[in-house]
Amino acid sequence: MSAASAASTRLTRLRKSGWLWTILTVAILAVYLFPIYWMISASLQPGANSVDTEWFPSSPGIGGYETALSDSGLSGLRVSVIVALGSVLVSLVVGIPAAYALSRLRSRAVGVALILLLLAQMIPSIVLATSFYAMFNNWGLLNTYVGLILANSTAGIPFAIIVMRAFMLRLDPEVLEAATVDGLGPFGTLWRMVVPLSRNAIITAAVFTFLFSWGDLLFGLTLVTRNDMQPVSVIIFALSNSNLNTWAATMAASLIASLPALVVIFAAQRHVKAGLAAGAGR
């Protein structure tokens, strides 16, 4: 067989392999995107329920969206946005200096601290929710933004510290020493040098903390008893368990609630990819 014939055979095989991988990728993508299509279809079927939903809405209507965007739905979105942004702020305020300190220290205590952070993330949320209920009840923080923000920050702070520390370990020590020689103190170095250089890691931590808080259900159910303080996740849960015919409203509310998270992910995906890659040592 000549070299040209062998090359042509290899090229044909590569093309067939490429088509196979393309078909497989499209099939997997269709499986993952099907729930989204199902939610859209169900949200346009006012008379549908969990066991009687058509593949295609024969008589589409927007009644589900009207219910989802009622006063309680908009109130839930407001609460979730405030709590999620507050959790991001608390996690970064605590996590940035903690991550920087752990990245500069050379001590066995750093390893112990990291293990404790990992253990903190492994504690079941139901245990934390029960403890927070008793504690916040004594402090008067039930049905408050502060209580929900503090509770949701328990997931964001350990994650933020671990991610940002992994990035800050890669910072050039000579650059930080030069900042000290120029007269910057520890806080000046942190704010003017470390924070700008760690932008990707900080954005990554912020995005995941936002998602942790946005998708929370347990703390919203445990620490809130007033309807006007219920996050959107609790409202969706209430709609799904209602005796009324609210399946279309449940699907509509789920779609609406997913939009802020999707916007955050798409807006920050470049920074998140860079932050995770750098934190992994790539």
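Helix 4 (residues 108-122) packs against helix 6 (residues 145-168) at an angle of about 140°, and their axes are 9 Å apart. The model is predicted. This briefing covers that helix pair, the residue Arg-165 within helix 6, and an aromatic cluster formed by Phe-132, Phe-136, Trp-139 and Phe-219.

**Packing of helix 4 and helix 6**

- Two packed helices are described by the angle between their axes and by the distance between those axes.
- An angle of about 140° falls short of the range over 145 that counts as roughly antiparallel, and helix 4 and helix 6 are therefore oblique to each other.
- The crossing of helix 4 with helix 6 is left-handed.
- On the helix 4 side, the contact is made by Val-110, Leu-114, Leu-117, Leu-118, Ala-120 and Gln-121.
- On the helix 6 side, Ala-155, Pro-158, Phe-159, Ile-161, Ile-162 and Arg-165 take part.
- By residue class, the contact of helix 4 with helix 6 consists of ten nonpolar residues, one polar residue and one charged residue.

**Arg-165**

- Arg-165 belongs to helix 6 and is among the residues that meet helix 4.
- The relative accessible area of Arg-165 is 17%, so this residue is buried, the cut-off being under 20%.
- With neighbours within four places in sequence left aside, Arg-165 is in contact with Ala-99, Leu-102, Ser-103, Val-110 and Leu-114.
- Val-110 and Leu-114, two of these partners, are also listed among the helix 4 residues that meet helix 6.

**Aromatic pairs in helix 5**

- Nine aromatic pairs are found in a search of the whole structure.
- In the pair of Phe-132 and Phe-136, the ring centres are 5.1 Å apart and the planes lie at 15°, so the pair is stacked.
- Both Phe-132 and Phe-136 lie in helix 5 (residues 125-139), where four residues, about one turn of the helix, set them apart.
- Phe-132 is buried, with a relative accessible area of 11%, and Phe-136 is buried as well, at 2%.
- Phe-136 also pairs with Trp-139, with 6.2 Å from centre to centre and 35° between the planes, a tilted arrangement.
- Phe-136 and Trp-139 are three residues apart in helix 5, so about one helical turn separates them.
- Trp-139 has a relative accessibility of 56% and therefore counts as exposed, whereas its partner Phe-136 is buried.
- Phe-132, Phe-136 and Trp-139 are joined by Phe-219 in one aromatic cluster.

Note on methods. Residues are numbered from 1 along each chain as its sequence is written. This is a predicted model: local features need pLDDT of at least 70, side-chain atom pairs count only at pLDDT 80 or more; totals for chains, interfaces and linings use all residues. Side-chain values use heavy atoms; hydrogens and water are left out. Axes are lines fitted to C-alpha atoms, for helices over the stretch in contact, and angles run from 0 to 180 degrees between N-to-C directions. Helices (H or I, at least four residues) and strands (E, at least two) are DSSP runs, numbered from the N terminus. Angles under 35 degrees count as roughly parallel, over 145 as roughly antiparallel, 65 to 115 as roughly perpendicular and the rest as oblique. A crossing is left-handed if the near helix is turned anticlockwise from the far one by less than a right angle, and right-handed if clockwise. Contact means heavy atoms within 4.5 Å. Ala, Val, Leu, Ile, Met, Phe, Trp, Tyr, Cys and Pro count as nonpolar, Asp, Glu, Lys and Arg as charged, and the others, Gly among them, as polar. Buried means under 20% relative accessible area, exposed over 50%, partly exposed in between (1.4 Å probe, protein chains only). Rings of Phe, Tyr and Trp (its six-membered ring) pair if their centres lie within 6.5 Å; planes under 30 degrees apart count as stacked, over 60 as edge-to-face and the rest as tilted.
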